[in-house]
Amino acid sequence: MSNIAVFPGSFDPITKGHENIVRRALPLFDKIIVAIGHNAGKKNLFSVEQRIDFIKKTFADTPKISVKTYEGLTVDFCKKHNVNFLLRGLRNATDFEFERDIASFNKDLSPNLETLFMFTEPVYSHISSSVVREVLRHGGDATKFLPNTLKNEIKPSLRTAKQ
Ligand code: ADP
């Protein structure tokens with residue numbers, strides 16, 4: 001049986017912090033699915049198509065990493081794709097408290113699904129998609145927070161993003 005992990009999130013947009021977690025987890029799994037969870041009611045800066053495109057470009061060098069989208073519960077997405085590991089990143093105590101509850105809920109809902117946490121590398125611990133969005137909305141330069149392959153992608157994409 002192959003070991004598949006899902007790395008779920010909004011990825012609005014993907015940051016260097018996300019990229020770092022996925023790359024460091026790669027030796028543990030045969031495949032990692034970066035899964036964009038979305039619901040029609042939630043406001044995002046970038047469209048789902050744009051977020052897929054950013055993630056694909058970030059990991060274009062790594063065939064073991066794929067991108068999918070889902071609506072609804074993460075545990076249902078994992079069942080559908082025969083996934084038994086959920087990967088999450090931890091930056092600080094706030095992430096920890098939040099993630100612990102989510103992991104406990106998911107364990108109740110799907111006992112065979114294991115949530116694995118990786119601590120962020122300290123250089124990325126202050127990076128969040130929400131701060132990146134704030135910088136972009138105000139015309140700032142967010143490139144240092146974004147995967148290197150996206151350096152020239154985000155600004156043109158902003159023209160069609162919902163600001
Ligand atoms: P959500 O909408 O669930 O908060 P995100 O797209 O912001 O999703 O993040 C997805 C996952 O990436 C979460 O586990 C989050 O803790 C982790 N993460 C976000 N930013 C970083 C970072 N800078 N370093 C490590 N992990 C991170």
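**Notebook: the ligand site and its surroundings**

I started at the N-terminal end of α1, where threonine 15 acts as the cap: one of its side-chain oxygens sits 3.1 Å from the backbone nitrogen of glycine 17. Note to self: this is a predicted model.

**Entry: α1**

I stayed on α1 and checked its cover. Eight of the ten residues in α1 are buried, so I put this helix down as mostly covered. The buried ones are Lys16, Gly17, His18, Glu19, Asn20, Ile21, Val22 and Ala25.

**Entry: the loop before α1**

Next I looked at the loop between β1 and α1, which holds phenylalanine 11 and proline 13. Phenylalanine 11 has a positive phi, near 50°, and is not a glycine. Is phenylalanine 11 buried or exposed? Its relative accessibility is 2%, so phenylalanine 11 counts as buried. A bit further on, the peptide bond between aspartate 12 and proline 13 is cis, with omega at about 0°.

**Entry: who surrounds the ligand**

Then I went to the ligand. Which residues come nearest to the ligand? Out of 16 residues around it, I noted Ser10, Gly89, Thr120, Tyr124 and Ile127 as the nearest. Sorted by class, the shell is made of six nonpolar, six polar and four charged residues.

I looked up the polar contacts one by one:

- Isoleucine 127 uses a backbone N or O atom, 2.8 Å from a ligand nitrogen.
- Threonine 120 has a side-chain N or O atom 3.0 Å from a nitrogen atom of the ligand.
- Arginine 88 places a polar side-chain atom 3.2 Å from a ligand oxygen.

How much of the ligand does the protein cover? On its own the ligand has 560 Å² of accessible area, and the protein covers 86% of that. The space it takes up is the largest pocket. I also checked which elements supply two or more residues to the shell: they are β1 (4-9), α1 (16-25), β4 (85-90) and α4 (93-109). That brings me back to α1, the helix capped by threonine 15.

**Entry: threonine 120**

I wanted the setting of threonine 120, since its side chain turned up in the contacts. Where does threonine 120 sit? I found threonine 120 in the loop between β5 (114-119) and α5 (129-137). Its relative accessibility is 13%, under the 20% limit, so threonine 120 counts as buried. I then took the distance to glycine 17: the two C-alpha atoms are 6.9 Å apart, although 103 residues separate them along the chain. Glycine 17 is also the residue whose backbone nitrogen faces the cap from threonine 15.

**Entry: glutamine 50**

I made a side trip to α2 (residues 48-58), the helix that contains glutamine 50. Glutamine 50 counts as buried because its relative accessibility is 12%. I paired it with isoleucine 154: they are 104 residues apart in sequence, and their C-alpha atoms are 9.2 Å apart in space.

**Entry: asparagine 82**

Last stop was asparagine 82, in the loop between α3 (74-80) and β4. Phi of asparagine 82 is near 55°, again a positive value in a residue that is not glycine. Is asparagine 82 buried or exposed? With a relative accessible area of 62%, over the 50% cut-off, asparagine 82 is exposed. I wrote it beside phenylalanine 11, which has positive phi but is buried at 2%.

Conventions
Residues numbered from 1 in each chain as written. Predicted model: local features only at pLDDT ≥ 70, side-chain atom pairs only at ≥ 80, totals over all residues. Heavy atoms only, no water. Near = heavy atom within 4 Å. Polar contact = N/O pair within 3.5 Å; in protein donor to acceptor, adjacent residues only side chain to side chain. Areas by Shrake-Rupley, 256 points an atom, 1.4 Å probe, with all protein chains shown as cover. 1 Å grid on protein atoms, 1.4 Å probe; cavity = no way out; pocket = protein on both sides within 12 Å on 5 of 7 lines; lining within 4 Å. Sits in = over half its atoms within 2 Å of the grid points. Helix = DSSP H or I, 4+ residues; strand = E, 2+ residues; numbered from the N terminus. Nonpolar A, V, L, I, M, F, W, Y, C, P; charged D, E, K, R; others polar. Buried < 20%, exposed > 50% of the residue type's maximum accessible area, 1.4 Å probe, protein only.
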